[in-house]
Amino acid sequence: MTDFLIIGGGIAGISAAARLSELGSVTVLEAESALAHHASGRSAALYEPRYGAPAVVELSLASEDHFRAAENILSPRGLMIVAKPDQKDDFDSDVRDMQMTRCSFDEARAIVPILNRDTVAMAAFADHAWDIDTDLLLQGFAREAKSRGAQIVTGARVTAIAKGTDGWIVSTGAGEFTGTLLINAAGAWVDQVATMAGIRPLGFIPNRRSMARIPAPGGHDISRWPMLFGAGEAWYAKPDAGALIVSPAEEDPQVPHDAWADDMVLAEGLARYEEMVTEPVTRLISNWAGLRTFSPDRVLVIGRDARDPSFFWLAGQGGYGFQTCPAASRLAADLIGGAPTALSLGLVAALNPARFG
């Protein structure tokens, strides 16, 4: 029997495995044939610590030391927001929340030369945004966990969960596993896992987000362009390996599944992007989608279940899993190990599943 049995091999589960391996034996169960197959493998991969609800921002800022200490995890990207004349309220809110600096159209176009003078009425820029090498981060946590004896099992889709006298019994396609503490880091499937375990679900909602990869607009060298947001996150675009990823930034509720892009939603998002630039989208290289799963209040859930303390929630990362994982996984280990946390008591309470009753 393992001390800590983690369901979910995305960034939440793997980072928790690394931290918990300091405290005891760890087994991670991942349903797919490789780690980070779902949301973690389809992330926009940006560290912008001022992006999200206040509790998310606090977790993100608390993660910065880990990112800075790890070699080659972060690389400069920057962030720009552009808006039409009728988007002033959303623009002002974004600039305030993310502590950006307003700039003229000419200043913005000097950075991103395809901006459309006829539609871009407002722009703002910030340099406090960085690309995350998500694979390097994930594999670093996995290596750390394995170096202390953690077992990471792929192809282990959970089919049944039972509570025995000594702990949890989890049946999977790769066999049966037992553990004293069950950590639910199953992404879009967290409520399903809870139900299987006889734990009351908390009401998580997976939301689809579609993405398209297009050629570099106009043949430009876009490697140094910032990530672009439409005001109010109506769309976004980000350079990636010589191409541009464009998303309609939709949040369409879904049942948990291996998501795919919605063609109509993708077309609408690309049209919103095209409206703000001078280079049309002539072809798609590829497209995909992921599920960003939120709790009812859109804040992560980290803590023991209010009714069964042998069941631990590590869920509701939404679109913030990578940028919060260093602090989130450390908090999980501190709560489980009974160690004092460096995070504020207010934040710990804001993340506690007991807030849902």
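In this predicted model, the search for enclosed space gave two cavities of 30 Å³ or more. The approach behind such a search is easy to picture: rolling a probe the size of a water molecule over the atoms shows where empty space is left. The largest cavity holds about 50 Å³ of space, and the volume of the second largest is about 30 Å³.

The wall of the largest cavity is made by Ala12, Ser15, Leu300, Leu314, Gln317, Gly321, Thr324, Cys325, Ala328 and Ser329. Two helices, α1 (residues 11-20) and α9, each give at least two residues to this lining. Helix α9 has the largest share, with five residues. In chemical terms, the lining of the largest cavity splits into five nonpolar and five polar residues, with no charged ones.

A separate group of residues encloses the second largest cavity: Arg200, Leu202, Asp305, Ala306, Arg307, Trp313, Pro353, Ala354 and Gly357. Here the lining consists of five nonpolar residues, one polar residue and three charged residues.

Helix α9, already met at the largest cavity, deserves a closer look. This helix spans residues 321-337 and carries a kink of about 35 degrees, centred on Ala327. Most of α9 is covered, with 14 of its 17 residues buried. Just past the end of α9 comes Gly338, whose phi is positive, at about 75 degrees.

Helix α9 also appears in the surroundings of helix α2. Within α2 (residues 54-62), the buried residues are Ala55, Val56, Val57, Leu59 and Ser60. Their cover includes α9 together with β3 (46-47), α3 (64-69), β19 (301-304) and α10 (345-351). Leu61 belongs to α2 as well, but this residue is partly exposed, because its relative accessibility is 39%. Beyond residues up to four places away in sequence, Leu61 touches Tyr47 and Pro49. The C-alpha atom of Leu61 lies 28 Å from that of Arg148, a residue 87 positions away along the chain.

Among the strands, β12 (residues 175-184) contains Gly179. What is the relative accessibility of Gly179? The value is 0%, so Gly179 counts as buried. When neighbours within four places in sequence are set aside, the contacts of Gly179 are Met1, Thr2, Leu5, Gly167 and Trp168. The C-alpha atoms of Gly179 and Phe4 are 5.8 Å apart, although 175 residues separate the two in sequence.

Thr27, in strand β2 (residues 26-29), also has contacts with residues at the start of the chain numbering. With neighbours within four places in sequence left out, Thr27 is in contact with Thr2, Phe4, Leu5 and Ile6, as well as Gln151, Val153 and Phe177. Thr2 and Leu5 are thus contacts of Thr27 and of Gly179. The relative accessible area of Thr27 is 6%, so this residue is buried.

Strand β13 (residues 205-215) holds Ser210. Is Ser210 buried or exposed? Ser210 is buried, because its relative accessible area is 0%. The side chain of Ser210 makes a polar contact of 2.6 Å with the side chain of Glu250, and it also reaches the backbone nitrogen of Asp262 at 3.4 Å. Glu250 and Asp262 belong to a wider set of contacts made by Ser210 outside its sequence neighbours within four places, a set that also has Val246, Ser247, Pro248, Ala261, Leu266, Trp288 and Ala289.

Finally, two alanines stand out in their backbone angles. Most residues other than glycine have a negative phi, and most peptide bonds are trans. Ala241 has a positive phi, near 55 degrees, and a positive phi near 55 degrees is also found at Ala249. Where do these residues sit? Ala241 is in the loop between β15 (236-240) and β16 (243-247), whereas Ala249 occupies the loop between β16 and β17 (252-253). Their surroundings can be told apart by accessibility: Ala241 is exposed, because its relative accessible area is 79%, while Ala249 is buried, because its value is 10%.

Conventions
Residues are numbered from 1 along each chain as its sequence is written. This is a predicted model: local features need pLDDT of at least 70, side-chain atom pairs count only at pLDDT 80 or more; totals for chains, interfaces and linings use all residues. Side-chain values use heavy atoms; hydrogens and water are left out. The bend at a residue is the angle between axes fitted to the seven residues ending there and the seven starting there. Helices (H or I, at least four residues) and strands (E, at least two) are DSSP runs, numbered from the N terminus. Buried means under 20% relative accessible area, exposed over 50%, partly exposed in between (1.4 Å probe, protein chains only). Contact means heavy atoms within 4.5 Å. On a 1 Å grid over the protein atoms alone, a cavity is a set of points where a 1.4 Å probe fits but cannot get out, and a pocket is an open set with protein on both sides within 12 Å along at least five of seven lines; lining residues have an atom within 4 Å of a point. Grid points are joined across faces, edges and corners, and a volume is the space filled by probe spheres set on the points. Ala, Val, Leu, Ile, Met, Phe, Trp, Tyr, Cys and Pro count as nonpolar, Asp, Glu, Lys and Arg as charged, and the others, Gly among them, as polar. A polar contact is a pair of N or O atoms within 3.5 Å; within protein, one must be able to donate a hydrogen and the other to accept it, and residues adjacent in sequence count only if both atoms are side-chain atoms.
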